[in-house]
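User: I am new to this structure and would be grateful for a short introduction. Could the discussion cover the sheet and the pocket?

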Amino acid sequence: SHMEAPRTKQGVHARVLAQQFPPRDSCSGARLLLFRFVNPELSGHGSMFGHVSVALSAAFLSGRTLVIDHASPWPFSDSCSSTGGGCEGGFFPTYFQPLSSCSVSDISPAEPTPPLADNLEQEERVVVVEDDTALPFFRSLVPAQGWLGADPPESADQVPVAGALLRWIAALASLALRPSATLEALVAAEALQMGLPREYLGAHIRRGHKWVETAPRALGEYIEMLARCAEAGAGEGRIAGGERAVLVATEDQATIDLLAALNAAREGGDAAPETPAGVDPAEWGVAVREARGQRLRFYWTTHPRASLRISIPQAIRLGLLSAAEENRISLVNLVLLSRASDGFVGTFSSGYSKRVLELQAARQQAIPVHASLDHFWSP
């Protein structure tokens with residue numbers, strides 16, 4: 001029912017956008033999927049953007065148009081209604097390009113809006129997503145076989161990341177998260193301030209709430225995997241002096257301090273420099289050896305890092321973090337990491353790391369060079 005298979009990200013975008021942008025005067029009668037921010041008290045950017053991509057998939061596969069309720073509560077968007085919030089026009093309208101010609105105003109207050117069900121046959125004109133009840137059903141669904149131009153897996157035990165599901169979700173994520181002119185300007189300013197070269201590796205070193213969810217990975221493990229990604233890459237991403245640039249996104253100031261020490265130590269002799277206080281000597285030795293071996297030079301955005309051990313949405317609600325600052329720096333890093341053409345290292349227990357892989361896959365039209373230090377990728 002969706003015609004010939006599109007074989008590029010642009011082809012998928014064109015098909016989905018055609019369904020997302022019906023004639024404006026037809027929206028009051030169009031079949032809609034209304035998205036309200038899911039699990040807003042705990043969902044950060046990565047988790048919420050994953051929900052949006054799956055909701056967009058559910059809308060397309062069920063013949064609906066996805067509409068985001070920008071007024072629904074979420075700590076990252078609640079500040080948008082206040083002066084100085086940085087997103088007075090709404091969170092998604094400020095940072096991303098429009099996703100639909102329809103809006104909440106096309107739904108009558110008296111109209112029934114039952115929750116999205118875990119099937120493709122709901123008859124009601126408008127259904128709503130405001131929790132994670134039905135979305136798991138749609139996380140593994142893709143258009144009809146062959147629609148994405150994907151080859152079947154070579155074996156039954158092939159890692160799922162190699163199949164059509166990543167292509168589909170990557171295309172949807174890259175459509176929903178097309179940066180606005182406002183966000184592109186922020187990205188350009190940060191890249192210029194850091195002196196970030198055009199080609200670089202990326203790493204998301206998650207601390208913060210990971211200490212609550214699961215044990216964090218040692219810095220040396222990230223460095224070791226970055227070195228492997230550098231070896232696996234095309235080898236063209238080196239900057240002056242044969243160094244290879246690495247953009248690191250992290251909310252942990254202690255990690256930044258260690259990366260600064262590694263930058264200072266990379267020109268040293270064979271012996272590892274003095275181990276920083278509180279760091280395991282063996283881990284430090286691995287980090288120094290790998291950073292020197294591949295001549296890794298680290299870059300990061302300059303902003304205050306509170307190094308909190310609670311979730312960012314909770315910290316915003318408690319007034320410990322600024323939503324405007326978190327939006328700016330998190331989204332800038334997301335865009336810059338998505339453009340890291342030489343490889344990516346993260347942890348796929350983190351929705352943020354998974355979104356980076358999806359955006360990279362869409363941008364490169366291939367499975368990027370990458371490594372996760374814990375889970376496999378999943379939507």
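The turns below concern a predicted model, beginning with a sheet and ending with a pocket.

User: Which strands are the edge strands of the open sheet?

Analyst: Strands of a sheet pair through backbone hydrogen bonds. Here five strands form an open sheet in the order β6-β5-β4-β7-β8, with parallel pairing. An edge strand pairs on one side only, and this holds for β6 (296-299) and β8 (370-372).

User: Which residue in β6 does L247 stand opposite?

Analyst: Strand β5 covers residues 244-249 and pairs with β6 in the parallel sense over four bridges. Across from L247, the residue in β6 is Y299.

User: What is the average twist from one strand to the next?

Analyst: The strands concerned follow the order β6-β5-β4-β7-β8 in the open sheet. From each strand to the next, the twist averages 20°.

User: Which element gives the most residues to the lining of the largest pocket?

Analyst: The largest pocket holds about 940 Å³ of space. It is lined by 44 residues, and those closest to its centre are G44, H45, R206, I312 and Y352. Two or more lining residues come from each of α2 (45-61), α12 (312-317), α13 (323-338) and α14 (351-364). With six residues, the element that gives the most is α2.

User: How many residues of the lining of the largest pocket are polar?

Analyst: The lining divides into three classes, of which 16 residues are nonpolar and eight are charged. The number of polar residues is 20.

How values were computed. Residues numbered from 1 in each chain as written. Predicted model: local features only at pLDDT ≥ 70, side-chain atom pairs only at ≥ 80, totals over all residues. Heavy atoms only, no water. 1 Å grid on protein atoms, 1.4 Å probe; cavity = no way out; pocket = protein on both sides within 12 Å on 5 of 7 lines; lining within 4 Å. Points joined across faces, edges and corners; volume = space filled by probe spheres on them. Nonpolar A, V, L, I, M, F, W, Y, C, P; charged D, E, K, R; others polar. Pairing = 2+ DSSP bridges. Axes fitted to C-alpha atoms, helices over the stretch in contact; angles between N-to-C directions.
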